[in-house]
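Colleague: Could you walk me through this model before I set anything up with it? I have a handful of questions.

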Amino acid sequence: MLSFFEPDSQIILVSESSLIKTVTNIQALTKTITNFDVVEKEAQSLTDTHPNITVILDSVIKINTVNNAVETKSCKVLKYDYLCICTGGRPKLIPQALDNKYVVGIRDTDSVDEFVEKLSKTTKIVIVGNGGIASEIIHKIRNVEVHWVIKDKHITATFVDPGAATFFQDSLNQTTPESSAKQMRYKEDGPKSGAALGPNWYQNLEIYGALSKSLPDNIKIHYESEIIDLTCDLSNPHPVKVTLSNGLVIDSDLVVSATGVVPHHEFEVVGSNLAFSEDRGIVVNEFLQTTVANIYAAGDVCSPTWQYAKHWFPMKLWTQARQMGCYAARSMCANLNKEEILQDFCFEIFTHSTKLFGYKVILLGLYNGQKLGQDYEILLRMTKGHEYIKFVIQEGKLHGAILIGETDLEETCENLILNQIDISPYGTDILNPDIDIEDYFD
Ligand SMILES: Cc1cc2nc3c(=O)[nH]c(=O)nc-3n(C[C@H](O)[C@H](O)[C@H](O)COP(=O)(O)OP(=O)(O)OC[C@H]3O[C@@H](n4cnc5c(N)ncnc54)[C@H](O)[C@@H]3O)c2cc1C
Ligand SMILES: NC(=O)C1=CN([C@@H]2O[C@H](COP(=O)(O)OP(=O)(O)OC[C@H]3O[C@@H](n4cnc5c(N)ncnc54)[C@H](OP(=O)(O)O)[C@@H]3O)[C@@H](O)[C@H]2O)C=CC1
């Protein structure tokens, strides 16, 4: 975006990986929801399409806010007028991990390679965490006994409510024809990328353990529990002993810690103070400007601190990293050219389009009643194996929605949330399958 807005300015991209992720096949589903694929590209090839970009393959180790310069690992000093920090996040492992080689986290291509390699030698593993990564692995994994340890009363709690979790649950423990296939290992050719994997990372991956086949009950879910102790005993055939808060002890071969992300900024800052939030993110205002005037930050590394619009909140997602990246570029260029800009419309409403357990999933606004207290109603429509629709309603207005399957309701819901139209006259008919609500509200 910088290159697009400022074709005559010199732009330097410092990337520690030779591959960068780019977005392709962009498809606008609504004003704010976009579907896209993420593909890897040689970082250097950016110069072919954007001649004013120079790519430097290196790691930033120091930012000097007095001299306006960054220093790299190979001792390059790069001066800047404006700087945007987009160094992402890294897995936040369970505290018991402590460099234990039997505990793995997943973030980039290398970590997936390590996971797939270790998994291929195991018959019994523990997965801890109840968000995106755990849900995707649980859906994909075969030929291994899995103990899924979750703090909540239902699966995939980061994204969905108990009703949707029940809807997904049917797709667990299903032995698909793939399950008796031979063990295979995913191998990526060429250089590796340190960036987070992003959507559909598991599509071409064979995630297999060492059992000869999947058993129907090979996934055991331990609800409302956490790991409180982890020890290793190499004389045991399953060397990792995991103790759960409910008292259960599981002997396993490997622990996958899919327990979230912390901002990643392993560089020294010299000069004025770059403020960090409690969660260690770089504090940014509504223009994605940090506490140092000519330094911006976007994506997983930053912590938005502006007064959020009612139906928006931050989450560490590609969706938002991309929106923030585009908007940071606009803000930097506006600042450079002394123009005033308004905050981008995408920050008016939280939206996320993804795939979970094989289903298309669209999350809109306060989809789990976030910020609404206790005083809201839920309207549901569900057809097993086909669709799950949840509306979150307060004072006759739609504030959030979960749409699973091919519901075709995303545009209607987005409009209803953004325009705050009174839907109380329609009562429960708003989800009556015989009434085409798109005709009323699109
Ligand atoms: C397994 C997995 C699956 C995911 N699936 C989805 C999904 O389906 N949908 C979704 O919306 N989100 C998904 N996410 C989240 C999404 O990938 C991240 O939110 C997004 O990639 C964040 O983008 P970013 O640019 O902030 O950080 P990153 O993508 O992590 O990129 C940061 C880059 O900075 C580089 N870097 C770091 N430090 C330095 C330094 N000092 N010098 C130079 N370069 C440096 C890194 O090498 C990396 O290339 C997934 C994440 C994971 C781990
Ligand atoms: N399809 C998609 O959109 C996907 C998105 N992603 C994104 O990638 C990033 C990494 O994914 P992931 O690691 O799954 O992170 P998530 O933030 O999605 O989920 C982390 C999960 O781990 C739980 N947790 C945190 N600490 C502990 C602990 N000590 N013990 C037990 N449970 C714990 C959290 O519970 P609690 O919230 O209660 O702390 C939460 O359920 C996230 O930003 C995620 O949104 C990843 C894969 C797919």
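What follows is a conversation about this predicted model, going from its domains down to single residues.

Colleague: Happy to start broad. Into which domains is the protein divided?

Modeller: Three domains are assigned, and one of them is made of two separate stretches of the chain. Domain 2 covers 91-260 and domain 3 covers 366-440. The one in two stretches is domain 1, with 1-88 + 264-347.

Colleague: How many residues does the contact between domain 1 and domain 3 take from each?

Modeller: The C-alpha centres of domain 1 and domain 3 lie 34 Å apart. The side of domain 1 that touches domain 3 has three nonpolar, three polar and one charged residues. The contact takes seven residues from domain 1 and seven residues from domain 3.

Colleague: Which residues does UniProt list for the FAD/NAD(P)-binding domain?

Modeller: The listing comes from an unreviewed UniProt entry, and it has two parts. Over the second part, 218-325, the chain is 7% helix and 35% strand, with the end C-alpha atoms 41 Å apart. The residues listed by UniProt are 28-174 and 218-325.

Colleague: Let's turn to ligand 2. Which residues come nearest to it?

Modeller: There are 20 residues around ligand 2. By class, this shell has eight nonpolar, eight polar and four charged residues. Those that come nearest are Gly129, Asn130, Gly131, Gly132 and Lys316.

Colleague: And which helix gives the most to that shell?

Modeller: The helix in question spans residues 132-140 and gives four residues to the shell around ligand 2. Its name is H4.

Colleague: Now the open sheet of five strands. Which strands stand at its edges?

Modeller: The order is E10-E17-E11-E12-E13, with parallel pairing. The two edge strands each have a single partner strand, so one side of each is left without a neighbour in the sheet. They are E10 (103-104) and E13 (219-222).

Colleague: In that sheet, which residue of E13 does valine 149 stand opposite?

Modeller: Strand E12 takes in residues 145-149, and four bridges join E12 to E13 in parallel. Across from valine 149 in E13 is histidine 222.

Colleague: Is valine 103 in E10 buried or exposed?

Modeller: Valine 103 touches Leu93, Ala97, Val255 and Ser257, leaving out residues up to four places away in sequence. Its C-alpha is also 9.5 Å from that of aspartate 253, although the two are 150 residues apart in sequence. The cut-off for burial is 20 or more other C-beta atoms within 10 Å. Valine 103 has 22, so it is buried.

Colleague: Does strand E2 lie largely in the open or mostly covered, going by how many residues are buried?

Modeller: E2 runs over residues 19-28 and has 10 residues. The number buried is one, so E2 lies largely in the open.

Colleague: What is the partner strand of E2, and which residue there stands opposite valine 23?

Modeller: Eight bridges join E2 to E3, and the two run antiparallel. A hairpin connects them through five residues. The residue in E3 opposite valine 23 is valine 38.

Colleague: How does threonine 34 count in terms of exposure?

Modeller: Threonine 34 is found in strand E3, residues 34-42. Its C-alpha is separated by 8.2 Å from that of threonine 319, 285 residues apart along the chain. Burial needs 20 or more C-beta neighbours within 10 Å, while exposed means 12 or fewer. With 17 such neighbours, threonine 34 counts as partly exposed.

Colleague: Over to strand E26. How many of its eight residues are buried?

Modeller: E26 spans residues 387-394 and is mostly covered. It pairs in the antiparallel sense with E25 over seven bridges, and seven bridges also link E26 to E27, again antiparallel. The number of buried residues in E26 is six.

Colleague: Which residue in the hairpin of E26 and E27 takes a positive phi?

Modeller: That hairpin has two residues between the strands, and the phi is near 50 degrees. Beside it, isoleucine 393 stands opposite leucine 398 in E27. The residue with the positive phi is glutamate 395.

Colleague: Last one: which residue follows H7 with a positive phi?

Modeller: H7 covers residues 410-419, where Thr412, Cys413, Glu414, Leu416 and Ile417 are buried. The residue that follows H7 has a phi near 50 degrees and is glutamine 420.

How values were computed:
Residues numbered from 1 in each chain as written. Chains lettered and ligands numbered in written order. Predicted model: local features only at pLDDT ≥ 70, side-chain atom pairs only at ≥ 80, totals over all residues. UniProt positions renumbered as here; feature names shortened; annotations may be inferred. Pairing = 2+ DSSP bridges. Domains from an automatic or database assignment. Contact = placed C-beta atoms within 7 Å. Nonpolar A, V, L, I, M, F, W, Y, C, P; charged D, E, K, R; others polar. Near = placed C-beta within 6 Å.
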